[in-house]
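Please look at the chain shown here and keep it in view while reading the report below.

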Amino acid sequence: MIDTIRDAQTILGDDIGLVIIDTFAKLIAAAGGDENSAKDQGAVFANVQRVKNVTGVHVALIGHTGKDQNRGARGSNALLGDVDVMVTIGGDEIKSVTVTKANDAPEGPLFSFKSDVHEFGTDEDGDPITVNVVSSEEVSSQVATKGQEPKLKPNQQTAFAILHGAGSAGLTLEDWNAQAKDAGLGLKRKADLTDIRNALLSKGLVRQYGDRWRVSHD
């Protein structure tokens, strides 16, 4: 990739500032990796960081959510720890763009838009060639985000409420788990607490800051 970037700069006679990889899963699979493996993701991100360090480009990775968009990006949750910024686009008629993770910027709704499908002829099989083009129609962010809050199971709601109640100070993992157990969570199966925490993390509702956990959108 580094050689390709340098060749492109030579041909174009200008610097390359952005490299877009579509999709992240295919990037991992190209080297025989598994998107569900934190180890494989870590190896890919180490190489992406090397590309950035050597060439000075910004690298944007395009990924997909699973069938349940509220559970966040497909693959290992290690993804959240490796990226500097994660933006999620979701919705049907109205698309909402939300910053779900940012190291040095606010998180939350960014903007909304509509898109129109345009046909540009047919392919060799006679099927229409379509392209999604962003519409010029203005969209109210309040309308777009209505009803977009992630749906939580009762146990997830309880765990989230405990952390939310801690305010900006947050809780250490030990304190969060202890309060969750006092509320009746994880008594029969300790791994339930990990599953609940990972679910909240994948939905972009909580984040870890050093040794403390806080809600993402307090």
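The report below goes through the strands, one pair of helices and one loop residue.

This is a predicted model, in which local features need pLDDT of at least 70 and side-chain atom pairs count only at pLDDT 80 or more, while totals for chains, interfaces and linings use all residues. Residues are numbered from 1 along each chain as its sequence is written, and side-chain values use heavy atoms, with hydrogens and water left out. Helices (H or I, at least four residues) and strands (E, at least two) are DSSP runs, numbered from the N terminus.

Strands of a sheet pair through backbone hydrogen bonds, either parallel or antiparallel. Two strands are said to pair if DSSP finds at least two bridges between them. An open sheet is formed by four strands in the order E3-E4-E5-E6, with antiparallel pairing. Strand E3 (85-90) and strand E6 (128-134) stand at its edges and have a single partner strand each, so one side of each is left without a neighbour in the sheet. From one strand to the next, the twist averages 35°.

Two strand pairs can be set side by side in a table.

| Strand pair | Direction | Bridges | One bridge |
|---|---|---|---|
| E5 (residues 108-122) and E6 | antiparallel | six | Ser115 with Val134 of E6 |
| E1 and E2 (residues 58-62) | parallel | five | Ile20 with Ala60 of E2 |

Along E1 the side chains alternate, with Val19 and Ile21 pointing to one face and buried, whereas Leu18, Ile20 and Asp22 point to the other and are not buried. Here buried means under 20% relative accessible area, exposed means over 50%, and partly exposed lies in between (1.4 Å probe, protein chains only). A cis peptide bond, with omega about 5°, joins Asp22 and Thr23, and Thr23 is found in the loop between strand E1 (18-22) and helix H2 (24-30).

Two packed helices are described by the angle between their axes and the distance between the axes. For helix H1 (residues 2-12) and helix H3 (residues 38-55), the axes come within 10 Å and cross at roughly 35°. Axes are lines fitted to C-alpha atoms, for helices over the stretch in contact, and angles run from 0 to 180 degrees between N-to-C directions. The contact (heavy atoms within 4.5 Å) is made by Ile2, Ile5 and Arg6 of H1 together with Arg50, Val51, Val54 and Thr55 of H3.

Lys188 lies in the loop between helix H7 (173-182) and helix H8 (191-202), and Lys188 counts as exposed because its relative accessibility is 87%. The C-alpha atoms of Lys188 and Val51 are separated by 46 Å, and these residues are 137 residues apart along the chain.
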